[in-house]
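Me: I've got the sequence and the model open side by side. Mind if I fire some questions at you about the side chains and the surface?

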Amino acid sequence: AEEICHELTLSNQTDIAAKAYYELARIYENDDSTNLSVAYYDSVLLKSPTSTYGLEARKRSDVLKRIQSLVAEKEDTVRAQFLLAEIYFADLDDLPKALEGYQKVYQNYPSSKWAPKALYAHLWIASKIFQSDTLTVRLANDLISDYPRTEYALSAQHILEQVQNKEIEREP
């Protein structure tokens, strides 16, 4: 597939070349070759900036460039790690990488201001996306006990009450 895409990038038809560059960018993005992926997304923009592929390439290129800048962040690495997790969750819909990032923040930097927010993000995903009551209860209790005086603890308490009410409704 990669060879065919490389051949198609030489096409005189801009739509075909743009699609080929886009597919190459996706291949390299999936291989975690961010620099190559950005280069191919940017090639799509040169070929066909207003096409469907061009618009999607601009979005993905911008996200990957934000990731690159956050990875290079040296001054506030905890903030950068949290924001990376947010990008993986919100922009790239990559839950495993998002959860890994959130966990790094609250496990490795528990006293940072980003830790309760990262733990709450994990809790929210467990509750709303995975709908795992067991994990939700565990994460909510961790958040309430580790960060009791935060807005996140209050929200965790509310989620915990929802889970408990759901269990009461299930009882005969």
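**Salt bridges, patches and odd phi values**

Me: Arg60 and Glu56 share a helix, so roughly how many helical turns separate them?

Reply: Both sit in helix H4, residues 52-72. Helices here are DSSP runs (H or I, at least four residues; strands are E, at least two), numbered from the N terminus. Since Arg60 and Glu56 are four residues apart in H4, their separation is about one helical turn.

Me: Before we go on, what kind of model is this?

Reply: Residues are numbered from 1 along each chain as its sequence is written, and side-chain values use heavy atoms, with hydrogens and water left out. Local features need pLDDT of at least 70, side-chain atom pairs count only at pLDDT 80 or more, and totals for chains, interfaces and linings use all residues, this being a predicted model.

Me: Back to that pair: what is the N to O distance in the salt bridge of Arg60 and Glu56?

Reply: A salt bridge needs a side-chain nitrogen of Lys or Arg within 4 Å of a carboxyl oxygen of Asp or Glu. The side chains of Arg60 and Glu56 meet that rule, with an N to O distance of 3.9 Å.

Me: Is Arg60 buried or exposed?

Reply: The cut-offs are under 20% relative accessible area for buried, over 50% for exposed and partly exposed in between (1.4 Å probe, protein chains only). Glu56, at 26%, is therefore partly exposed. Arg60 has 11% relative accessibility, so Arg60 is buried.

Me: Which residues are linked with Arg60 in a network of salt bridges?

Reply: The structure holds nine salt bridges. Arg60 belongs to a network of them, where the other members are Arg26, Glu29 and Glu56.

Me: How many residues apart in sequence are the parts that Lys97 and Asp32 tie together?

Reply: Lys97 and Asp32 form a salt bridge with their closest N and O atoms 2.8 Å apart. Lys97 lies in helix H6, while Asp32 is in the loop between helix H2 (14-30) and helix H3 (34-47), so the pair ties together parts whose separation in sequence is 65 residues.

Me: How exposed is Asp32, as a relative accessible area?

Reply: Its partner Lys97 comes out partly exposed because its relative accessibility is 27%. Asp32 counts as exposed, as its relative accessible area is 51%.

Me: What value is phi of Asp32 near?

Reply: Most residues other than glycine have a negative phi. Asp32 has a positive one even though it isn't glycine, and its phi is near 60°.

Me: Where is Gln131, whose phi is also worth a look?

Reply: Phi of Gln131 is positive too, near 50°, in a residue other than glycine. Gln131 counts as exposed because its relative accessibility is 60%. As for location, Gln131 is in the loop between helix H7 (115-129) and H8.

Me: Which residue forms a salt bridge with Glu100?

Reply: Glu100 is partly exposed, since its relative accessible area is 43%. Its partner lies four residues away in helix H6, about one turn of the helix. With the closest N and O atoms 3.6 Å apart, that partner is Lys104.

Me: Which residues form the negative surface patch?

Reply: Patches take residues with over 30% relative accessible area and no salt bridge, joining like charges within 9 Å and nonpolar side chains (Val, Leu, Ile, Met, Phe, Trp, Tyr) within 5 Å. One member sits in helix H1, residues 2-8, namely Glu3, which is exposed because its relative accessible area is 63%. The full negative patch is Glu2, Glu3, Glu7 and Asp31.

Me: About how much accessible area do Ile4, Leu8 and Ile16 have together?

Reply: Areas come from the Shrake-Rupley method with a 1.4 Å probe, and for residues only the protein chains shown count as cover. Ile4, in helix H1, is exposed because its relative accessibility is 54%. Ile4, Leu8 and Ile16 form a nonpolar surface patch, and together their accessible area is about 250 Å².

Me: Last one: which residues does Val137 touch, leaving out those up to four places away in sequence?

Reply: Val137 lies in helix H8, residues 133-146, and is partly exposed because its relative accessible area is 25%. Its C-alpha is 8.5 Å from that of Leu123, 14 residues apart along the chain. With contact meaning heavy atoms within 4.5 Å, Val137 touches Leu160 and Val163.

Technical notes: Lys and Arg count as positive and Asp and Glu as negative; His and the chain ends are not counted. The place of a charge is taken as NZ of Lys, CZ of Arg, CG of Asp or CD of Glu.
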